[in-house]
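Below is a short report on one protein model. It covers sheets, helix packing and a few unusual backbone spots.

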Amino acid sequence: KINLIIVIYKTKMLKNLVKNLKPSSTLLINETSRKLEEQGKKIYKFGFGQSPFKVPEDVVNELKINAHQNKYLPMQGLSELRNVVAKYTSEKKNYNYKSENVIIGPGSKELMFLLHIIFDGEIILPAPSWVSYAPQAILGRNKTQILQTKRENNWFPTASEIEEIILKDKNKNYLLFLNSPNNPSGQICENLEEIASIAKKYNLIILSDEIYSELSFKDSYQSISNFCQEKTIISTGLSKWCGAGGWRLGYFLVPDSLIEIKNMINVLASETFSAVSAPIQYAAIKAYENNHSNYINKSRKILSAVGNYVYENLKSNKVLINQPQGAFYLMPEFLNKKFKNSTHLCETVLEETGVAMLPASDFGFNPQRLLTRLCYIDFDGNEFLNADIDDKILSDKIIEKYAPNVVEGVQKLSNWAKNL
């Protein structure tokens with residue numbers, strides 16, 4: 001009877017945790033924008049972060065060819081897919097990953113959730129952090145340490161700031177989430193080596209969310225795994241670089257030193273999603289096996305040009321903003337004290353200009369800081385990809401032609417900020 005009472009109590013406690021959570025703000029802003037459009041209002045969709053580009057044709061064709069695949073696949077993922085993912089990553093990271101190190105999941109988001117469930121310790125989340133990290137930690141019943149960052153360090157934590165948290169109780173297990181290029185800031189972490197030294201010193205595990213790594217605007221992208229492979233779980237997938245968010249295929253690369261974590265995720269996978277859709281796994285082999293450098297480079301070129309256009313036309317003495325370095329985000333800060341918080345700011349902007357953004361409070365910042373996330377992909381990515389844009393630098397005229405909503409929305413936002 002006592003055991004039954006404990007189970008019932010814990011179940012109710014977990015249900016109360018769920019009741020206190022809100023829907024993901026990134027998905028909610030998409031729904032809000034759609035409803036306003038249905039009412040006839042012109043909306044500039046700077047809130048939802050989904051790749052604007054089509055999935056490469058060879059990958060799409062492979063999905064069609066494998067539509068007949070109807071069997072359950074191994075819970076860790078199709079062996080052929082894990083092999084090509086391991087090879088692809090090993091070449092980029094200069095580290096020998098094996099197929100056994102790879103776990104295929106229905107999007108990296110689900111794998112992160114399972115990691116939160118099995119981890120027993122404290123989660124260190126630098127603000128800004130992607131909106132789902134903290135809610136997943138709550139559901140995993142882990143305590144979170146929100147680490148506020150600074151603009152001058154590209155919105156990433158310093159090694160000493162991380163160490164300060166760990167030194168409060170060195171006996172605890174710690175898991176640091178590091179997302180570079182970052183959602184929501186569009187910045188890249190440049191102090192990886194010093195963070196790696198802390199990881200080695202205190203046995204800190206790092207979840208390196210590299211879902212935007214292929215969309216870094218510099219050619220020399222580096223991962224924290226380049227400095228401490230044995231402590232780093234790499235998380236990435238098809239959604240951003242391959243334009244396949246709706247396909248829901250992500251993966252973890254777990255080093256041999258963290259094999260216990262990998263095994264536990266496999267157990268949870270067997271009891272939750274069982275296996276990722278078979279046709280999508282077969283199609284994903286071509287995504288990593290074939291050469292898509294032209295597709296990726298053109299995507300990066302477009303995103304870099306559009307991001308810099310927004311940056312140049314929005315920065316002012318009333319709007320502080322860092323130049324974009326990757327992904328498709330900017331994080332402007334509006335210098336005005338008339339708004340109660342960043343949510344109030346975003347609601348006012350949407351009402352008065354039609355520009356939809358997310359408040360930075362959704363990403364872990366103090367609500368009183370008037371920071372927002374601006375996603376600059378409100379354009380037809382297919383049309384832009386097919387355009388003749390071989391010039392090294394894309395002119396404003398090209399951006400005005402192929403990204404008119406971005407141009408118009410930024411102009412409205414800029415004028416609004418100037419008149420505050």
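The report starts with the sheets, moves to the helices and ends with single residues.

**The seven-stranded sheet**

This is a predicted model. In it, 7 strands make up an open sheet with mixed pairing. Their order is 2-8-7-6-5-3-4. Strand 2 (102-105) and strand 4 (143-148) are the edge strands, and each pairs on one side only. On average, neighbouring strands of this sheet are turned by 20° against each other, direction ignored.

Take the end of the order that holds strand 4. Strand 3 (residues 122-127) and strand 4 run parallel, joined by 6 bridges. Proline 126 has leucine 147 in strand 4 as its bridge partner.

Which strands does helix 5 touch? Helix 5 (residues 108-118) packs on the sheet and touches strand 2, strand 3, strand 5 (174-179), strand 6 (205-209), strand 7 (232-237) and strand 8 (250-253). The direction of helix 5 makes about 45° with that of strand 8.

Helix 7 (residues 159-167) also lies across strands. Its partners are strand 3, strand 4 and strand 5. Helix 7 runs at about 150° to strand 4.

**The three-stranded sheet**

A further open sheet has 3 strands, in the order 10-14-13. Here the pairing is antiparallel. Strand 10 (329-330) and strand 13 (358-359) are the edge strands, each pairing on one side only. Between strand 10 and strand 14 (residues 372-375) there are 2 bridges, and these two strands run antiparallel. Leucine 330 is bridged to leucine 374 in strand 14.

**Helix 3 against helix 10**

Helix 3 (residues 57-65) packs with helix 10 (residues 278-289). The angle is about 150°, and the axes are 8 Å apart. Angles over 145 degrees count as roughly antiparallel, and helix 3 and helix 10 are therefore roughly antiparallel to each other. Their crossing is right-handed.

Which residues make this contact? From helix 3 come Asp58, Val59, Glu62 and Leu63. From helix 10 come Pro279, Ile280, Tyr282, Ala283, Lys286 and Ala287. By class, the contact has 7 nonpolar and 3 charged residues, with no polar ones.

Asparagine 290 sits in the loop between helix 10 and helix 11 (293-314). The C-alpha atoms of asparagine 290 and valine 59 are separated by 9.0 Å, yet the two residues are 231 residues apart along the chain. Is asparagine 290 buried or exposed? Asparagine 290 counts as partly exposed, because its relative accessibility is 28%.

**Unusual backbone geometry**

Most residues other than glycine have a negative phi, and most peptide bonds are trans. Four spots in this model depart from that pattern, as the table lists.

| Site | Backbone feature | Value |
|---|---|---|
| Alanine 127 to proline 128 | cis peptide bond | omega about 15° |
| Serine 180 to proline 181 | cis peptide bond | omega near -5° |
| Tryptophan 155 | positive phi | phi near 65° |
| Asparagine 203 | positive phi | phi about 60° |

Where do these residues lie? Proline 128 is in the loop between strand 3 and helix 6 (133-139). Proline 181 is in the loop between strand 5 and helix 8 (192-202). For tryptophan 155, the loop is the one between strand 4 and helix 7. For asparagine 203, the loop is the one between helix 8 and strand 6.

The accessibilities of the two positive-phi residues can be set side by side. Tryptophan 155 has a relative accessible area of 2%, so tryptophan 155 is buried. Asparagine 203 has a relative accessible area of 51%, so asparagine 203 is exposed. The cut-offs behind these labels are under 20% for buried and over 50% for exposed.

**A buried serine**

The last stop is serine 99. This residue lies in the loop between helix 4 (79-93) and strand 2. At 13% relative accessibility, serine 99 counts as buried. What does serine 99 touch, not counting residues up to four places away in sequence? Its contacts are Gln76, Arg82, Asn83 and Ala86.

Notes:
Residues are numbered from 1 along each chain as its sequence is written. This is a predicted model: local features need pLDDT of at least 70, side-chain atom pairs count only at pLDDT 80 or more; totals for chains, interfaces and linings use all residues. Side-chain values use heavy atoms; hydrogens and water are left out. Axes are lines fitted to C-alpha atoms, for helices over the stretch in contact, and angles run from 0 to 180 degrees between N-to-C directions. Helices (H or I, at least four residues) and strands (E, at least two) are DSSP runs, numbered from the N terminus. Angles under 35 degrees count as roughly parallel, over 145 as roughly antiparallel, 65 to 115 as roughly perpendicular and the rest as oblique. A crossing is left-handed if the near helix is turned anticlockwise from the far one by less than a right angle, and right-handed if clockwise. Contact means heavy atoms within 4.5 Å. Ala, Val, Leu, Ile, Met, Phe, Trp, Tyr, Cys and Pro count as nonpolar, Asp, Glu, Lys and Arg as charged, and the others, Gly among them, as polar. Two strands pair if DSSP finds at least two bridges between them. Buried means under 20% relative accessible area, exposed over 50%, partly exposed in between (1.4 Å probe, protein chains only).
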